Amino acid sequence: MTMENEKLRVRNINEELLSNNWYLLKKVTFDYKKENEEWETQSREVYDRGNGATILLYNRQKQTVVLTKQFRMPTYQNGNESGMLIETCAGLLDKETPEESILRETREETGYQVNRVQKVGEAYMSPGSVTELLYFFVAEYTEDLLEGQGGGLEEEQENIEVIELPFHKAPNR
């Protein structure tokens with residue numbers, strides 16, 4: 001099946017806004033053309049929070065990476081007893097390119113002012129229900145690029161701990 005034919009597989013899209021509290025949650029009802037050419041009405045909830053970017057900061061000389069640690073309510077509700085996660089620096093695109101966004105997020109969250117990033121990929125993180133496309137970057141950091149303490153923005157209620165770990169310990173965190 002060609003891409004053009006795949007576009008013709010969806011029709012009669014109807015969106016109902018369920019929530020506009022933090023981001024957009026919609027109930028989307030549509031007709032979908034199955035492989036046997038039969039049309040079927042389907043319904044899905046779609047959460048639109050925008051696209052994001054994430055970065056793995058590494059120091060080749062020290063053999064370390066910089067990660068962040070912060071509380072994540074959804075993980076707490078899903079059995080993570082503390083709700084704390086160690087993760088790569090990340091954030092949503094704020095009307096910026098992915099590169100501009102990750103440079104800003106890196107500065108805000110980690111305190112490092114890196115000047116070059118390398119895109120290594122992009123992926124939909126939970127395509128069954130969330131619209132977010134996440135852009136993945138890497139960048140080398142050195143101590144002389146540290147310009148602030150990081151920790152995120154208070155007005156965004158970010159309480160981020162910056163963690164530097166040796167390469168060999170990071171995968172087990």
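Tutor: A helix here is a DSSP run of H or I with at least four residues, and helices are numbered from the N terminus. The model under discussion is predicted.

Student: Which residue just after α3 takes a positive phi?

Tutor: Helix α3 covers residues 98–110. Just after α3, a positive phi of about 85 degrees is taken by Gly111.

Student: What distance separates the end C-alpha atoms of α3, and what span should its 13 residues have?

Tutor: The expected span of a helix is 1.5 Å times one less than its number of residues. For the 13 residues of α3 this rule gives 18 Å, which agrees with the separation of the end C-alpha atoms, namely 17 Å.

Student: Against which strands do the buried residues of α3 pack?

Tutor: The buried residues of α3 include Pro98, Ile102 and Thr106, and charged residues such as Arg104, Glu105 and Glu108 are also among them. Their packing partners are β4 (52–59), β5 (64–71), β7 (89–92), β9 (133–140) and β10 (161–166).

Student: Is Arg104 buried or exposed, and what is its relative accessible area?

Tutor: The side chain of Arg104 meets that of Glu96 in a salt bridge of 2.8 Å, N to O. Glu96 is partly exposed, because its relative accessibility is 22%. Buried means under 20% relative accessible area. Arg104 therefore counts as buried, with a relative accessible area of 12%.

Student: Which residues are joined into one network by salt bridges that share partners?

Tutor: Side chains of opposite charge can pair when their charged atoms come close. The pair of Arg104 and Glu96 is one such salt bridge. Through shared partners, the network joins Asp94, Glu96, Arg104, Glu105 and Glu108.

Student: How many residues apart in sequence are the parts that the pair of Arg9 and Glu35 ties together?

Tutor: The two side chains meet in a salt bridge of 3.0 Å, N to O. Arg9 lies in the loop between α1 (3–7) and β1, and Glu35 in the loop between β2 and β3, so the parts tied together have a sequence separation of 26 residues.

Student: Which of Arg9 and Glu35 counts as buried, and which as exposed?

Tutor: Buried means under 20% relative accessible area, and exposed means over 50%. Glu35 has 60% relative accessibility and therefore counts as exposed. At 9% relative accessibility, the buried residue is Arg9.

Student: How many residues apart are Glu143 and Lys62?

Tutor: The side chains of Glu143 and Lys62 meet in a salt bridge of 2.7 Å, N to O. Glu143 is in the loop between β9 and β10, while Lys62 is in the loop between β4 and β5; the pair thus links distant parts of the chain, with a separation of 81 residues.

Student: What is the strand order of the open sheet of 3 strands, and which are its edge strands?

Tutor: β1 (10–19) and β3 (39–48) each pair on one side only and are the edge strands. The pairing in this open sheet is antiparallel, and the strand order is β1-β2-β3.

Student: How many bridges join β2 to β3?

Tutor: β1 and β2 (residues 24–33) pair in the antiparallel sense over 7 bridges, and Val10 stands opposite Tyr32 there. Between β2 and β3, Phe30 has Gln42 as its bridge partner. These two strands also run antiparallel, and the number of bridges joining them is 10.

Student: Which residue in the hairpin of β2 and β3 takes a positive phi?

Tutor: The hairpin of β1 and β2 has 4 residues between its strands. In the hairpin of β2 and β3, with 5 residues between the strands, a positive phi near 75 degrees is taken by Glu37.

Student: What kind of aromatic pair do Phe71 and Tyr76 form?

Tutor: A search of the whole structure finds 4 aromatic pairs. The rings of Phe71 and Tyr76 are 6.0 Å apart, centre to centre, with 50 degrees between the planes. Planes under 30 degrees apart count as stacked, over 60 as edge-to-face and the rest as tilted. The pair of Phe71 and Tyr76 is accordingly tilted.

Student: Which residues do ring pairs link into a cluster?

Tutor: Rings pair if their centres lie within 6.5 Å. Ring pairs form a cluster of Trp22, Tyr23 and Tyr47.

Note on methods. Residues numbered from 1 in each chain as written. Predicted model: local features only at pLDDT ≥ 70, side-chain atom pairs only at ≥ 80, totals over all residues. Heavy atoms only, no water. Pairing = 2+ DSSP bridges. Buried < 20%, exposed > 50% of the residue type's maximum accessible area, 1.4 Å probe, protein only. Contact = heavy atoms within 4.5 Å. Salt bridge = Lys/Arg side-chain N within 4 Å of Asp/Glu carboxyl O.
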